[in-house]
Amino acid sequence: MDSSITRDLYRDITDFAHTTPAWVQHLAELWTEAGLLLFGVLFLLAWWRSRTADPGRIALAVLAPLATAVGYVVSESLKSLVDEERPCRTVTEAAVSLVACPPTGDWSFPSNHAAIAGAAAMTLAIAWPRIAPLTVPMALLMAFSRVFVGVHYPHDVLTGLSVGALAAAACTAAALRPARSLLATMRTSRATIPLWLAGPGPAQEPARPASPRASADHG
């Protein structure tokens, strides 16, 4: 793939990275991986809080990590079709990458990290809309960090974000109905594990006793 469009931008970002304090550089290196763990924690929280919600809500929470995995698979499949070398190896005039450059064969386009981040942000925003102001900046920052540390072109991460988000959204839409039906069935199970995974669902309000006057009217 022709990377000339973002080659200069890559060089500017990596040059800027080397002017930042050491703690910023270390934080960027850490965030490229720690962000994935934080998304994992948010998946668990989304599932836990939805165990007392209706079947549709918990279905969205359960599908979030599964659809994110689909986003990764789509990105990895595309990566295997586009043999784009890493910029840390080809843009020789740029500053040295802050992390070790991946070996040849671990192609650059698209960014799998960005695809996972985009997919996770999308599915969590669908399952838990209130945390979208958190997950969307997380995904963007994770994608940017891949360029910042020098292992991806800007177009790699932009494509990764888009591919991951779109693939995950499509997977969620396609699987929502069967997932909702399955979880509703699991909530009627007498087995401990399925019932625990699906959650008890919304609390049922106790039936109100009929008033004496209503009983008299019917009599």
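Angles between helix axes under 35 degrees count as roughly parallel, over 145 as roughly antiparallel, 65 to 115 as roughly perpendicular and the rest as oblique. The axes are lines fitted to C-alpha atoms over the stretch in contact, with angles from 0 to 180 degrees between N-to-C directions. Helices are DSSP runs (H or I, at least four residues), numbered from the N terminus.

This is a predicted model, in which local features need pLDDT of at least 70 and side-chain atom pairs count only at pLDDT 80 or more, while totals for chains, interfaces and linings use all residues. Residues are numbered from 1 along each chain as its sequence is written, and side-chain values use heavy atoms, without hydrogens and water.

Select residues 22-49, helix α2, and then residues 132-148, helix α6. The axes of α2 and α6 come within 9 Å and cross at roughly 140°, so the two helices are oblique to each other. Their crossing is left-handed (the near helix is turned anticlockwise from the far one by less than a right angle; clockwise would be right-handed).

Next, show side chains. Contact means heavy atoms within 4.5 Å. On α2, the contact residues include Trp31, Leu36 and Phe39; on α6, Met138, Met142 and Phe148 are among them.

Keep α6 and add residues 154-186, helix α7. The axes of α6 and α7 come within 8 Å and cross at roughly 150°, and these helices are therefore roughly antiparallel. The crossing of α6 and α7 is right-handed. Pick Ala139, Leu140, Ala143, Arg146 and Val147 on α6, which meet Pro154, Val157 and Leu161 on α7.
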